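Biologist: Could you take me through one part of this chain up close? I'd like a plain walk around it, side chains included.

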Amino acid sequence: MHYPFNLRQEADGSWTVLFPDIPEAATAAEIESDVRFQAASALETAFKRYFQDGRPVPAPSPVQRGQSPIALTPLPAVRIHKHNESLKAKFADRLTPQPS
């Protein structure tokens, strides 16, 4: 699982990282070599917020021209899958007619 991000260098030389699929994961880095670490950390924090709020985590969109991907390790990918499936099951339970 790979989440694409947009990278922009600011006038002061710092770098801004924006995830189109996970806007809560916006972050910045002072130097370009820290971008991937900061991006991965911001994604992890945003995923925790989705879990805590009981919201589904959006699936990653395909990487477009000019974007870079952050690959998730297997554990976060499994957690996201389980979380989203759990939410689907809860929603399905609400839609199932209850006997009177």
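Modeller: Let's start with the side chains of S14 and D12, which are joined by a polar contact of 2.6 Å. Keep in mind that this is a predicted model. S14 sits in the loop between β1 and β2. Is S14 buried or exposed? It counts as buried because its relative accessible area is 9%, and the cut-off for buried is under 20%. Leaving aside residues up to four places away in sequence, S14 touches R8, Q9, A29 and E30.

Now look at the strands around that loop. β1 covers residues 2-9 and β2 covers residues 15-18, and the two pair in the antiparallel sense over four bridges. Across that pairing, N6 stands opposite L18 in β2. The hairpin they make has five residues between the strands, and G13 there takes a positive phi near 95 degrees. On to β3, residues 27-29: three bridges join β2 to β3, and these two run antiparallel. Here V17 stands opposite T27 in β3.

Further along the chain comes helix α1, residues 35-53. With 19 residues at 1.5 Å a residue, α1 should span 27 Å, and its end C-alpha atoms are indeed 27 Å apart, so the two values agree. Which residues of α1 are buried? They are V35, A39, A42, L43, A46, F47 and Y50. Looking down the axis of α1, you find these buried residues within an arc of 140 degrees, so they line one face of the helix. Turn to the face of α1 pointing away from its buried side, and you meet the exposed residues F37 and Q52. After α1 comes G54, with a positive phi near 70 degrees.

One more stop, if you have the viewer open: N84, which is in helix α2, residues 74-95. N84 is buried because its relative accessible area is 15%, against that same cut-off of under 20%. Not counting residues up to four places away in sequence, N84 touches P56 and V57. With V57 there is also a polar contact: the side chain of N84 reaches the backbone nitrogen of V57 at 2.8 Å. As for R65, N84 is 19 residues from it in sequence, and their C-alpha atoms are 28 Å apart in space.

Notes
Residues are numbered from 1 along each chain as its sequence is written. This is a predicted model: local features need pLDDT of at least 70, side-chain atom pairs count only at pLDDT 80 or more; totals for chains, interfaces and linings use all residues. Side-chain values use heavy atoms; hydrogens and water are left out. The expected span of a helix is 1.5 Å times one less than its number of residues. Buried means under 20% relative accessible area, exposed over 50%, partly exposed in between (1.4 Å probe, protein chains only). The arc is that of the directions from the helix axis to the C-beta atoms. Two strands pair if DSSP finds at least two bridges between them. A polar contact is a pair of N or O atoms within 3.5 Å; within protein, one must be able to donate a hydrogen and the other to accept it, and residues adjacent in sequence count only if both atoms are side-chain atoms. Contact means heavy atoms within 4.5 Å.
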